[in-house]
Amino acid sequence: MALFDSRSAYFSINDGTERDLTAHITDITGLPGAAGLHDATTLGDTGTKDVDGLDDTTFSISGFYDDTATTGPEAVLGALWSSRANATFRYGPKGSTAAFLKYSGSIKVADFSLPAKVGSLTLFEAKLKLQGRVARGTF
């Protein structure tokens, strides 16, 4: 079994321009997400049965705040939150080298916050709501 260090992970958002947010992110949770399944179990069944349904995936990213124009989380995520525009994301748990696993899809920024605490660095937190399903492929 091969193990990989999370420091190699890759995350980008494309809002018309591919924007690599990897250097700002410390945490990605909720991907690829839960499958939308409906219980189809009937009387007399010896176990549960499910049928495919609609996925409803929201995932979170968080890390260090940066307001650098065009590349920082404020410029990318803050602008998408404010405009309610769609964007796409690409996530590579192992990195973005050719043939590495990639999750991608269309998202809206559902929540964007900038928590501040005395004695701490300023952070950002974003909840990204998938528009459709997560695609699984390779870089």
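What follows is a walk through a predicted model of a single chain, from its overall build to a few individual residues.

The overall build comes first. The secondary structure adds up to one helix and ten strands. Going along the sequence, these elements run β-β-β-β-β-β-α-β-β-β-β, so the helix turns up after six strands and is followed by four more, going by the DSSP runs used to number them. The C-alpha trace spans about 60 × 35 × 35 Å along its principal axes. Of the 139 residues in the chain, 29% count as buried. The accessible surface comes to about 8500 Å², and carbon and sulfur atoms account for 53% of that. As for contacts between residues at least 6 apart in sequence, 60% of them join residues at least 24 apart. Charge can be summed up too: there are 13 positive and 16 negative charges, and the mean positions of the two sets are 4 Å apart.

Next come the aromatic rings, which form four pairs in this structure. One of them brings together Tyr10 and Phe139, with ring centres 5.7 Å apart. Their planes meet at 80 degrees, and since anything over 60 counts as edge-to-face, that is the label this pair gets. Tyr10 belongs to strand β1 (residues 10-14), while Phe139 sits in the segment after β10 (135-138), so the pair ties together parts of the chain that are 129 residues apart in sequence. Tyr10 itself has a relative accessible area of 12%, which makes it buried.

Another pair involves the residue that follows, Phe11, whose partner is Phe59. Here the ring centres are 6.3 Å apart and the planes stand at 65 degrees, so this pair is edge-to-face as well. This link, too, joins distant parts of the chain: Phe11 is in strand β1 and Phe59 in strand β6 (residues 58-64), with their positions 48 residues apart. Both Phe11 and Phe59 are buried. Together with Phe89, these two residues form one aromatic cluster.

Rings also have charged company. Phe139, already met as the partner of Tyr10, has the charged end of Lys102 over its ring, 5.8 Å from the centre. In a similar arrangement, Lys94 lies over the face of Phe100, at 4.4 Å from the ring centre.

Two single residues round off the tour. What is the place of His24 in the chain? His24 is found in the loop between β2 (18-20) and β3 (25-29). With a relative accessible area of 13%, His24 is under the 20% cut-off and therefore buried. Setting aside its neighbours within four places in sequence, His24 is in contact with Ser62, Gly63, Phe64, Asp66, Thr71, Gly72, Pro73 and Phe124. Among these, Ser62, Gly63 and Phe64 fall within strand β6, which covers residues 58-64.

Ala110 is the other one, and it is part of strand β8 (residues 101-113). Its relative accessible area is 49%; exposed means over 50%, so Ala110 is classed as partly exposed. Again leaving out neighbours within four places in sequence, Ala110 is in contact with Trp81, Lys127 and Lys129. Leu37 is 73 residues away from Ala110 along the chain, and the C-alpha atoms of the two are separated by 23 Å.

Key. Residues are numbered from 1 along each chain as its sequence is written. This is a predicted model: local features need pLDDT of at least 70, side-chain atom pairs count only at pLDDT 80 or more; totals for chains, interfaces and linings use all residues. Side-chain values use heavy atoms; hydrogens and water are left out. Helices (H or I, at least four residues) and strands (E, at least two) are DSSP runs, numbered from the N terminus. Buried means under 20% relative accessible area, exposed over 50%, partly exposed in between (1.4 Å probe, protein chains only). Contact means heavy atoms within 4.5 Å. Accessible areas come from the Shrake-Rupley method with a 1.4 Å probe; for residues, only the protein chains shown count as cover. Lys and Arg count as positive and Asp and Glu as negative; His and the chain ends are not counted. The place of a charge is taken as NZ of Lys, CZ of Arg, CG of Asp or CD of Glu. Rings of Phe, Tyr and Trp (its six-membered ring) pair if their centres lie within 6.5 Å; planes under 30 degrees apart count as stacked, over 60 as edge-to-face and the rest as tilted. A charge sits over a ring if NZ of Lys or CZ of Arg is within 6 Å of the ring centre and within 35 degrees of the ring normal.
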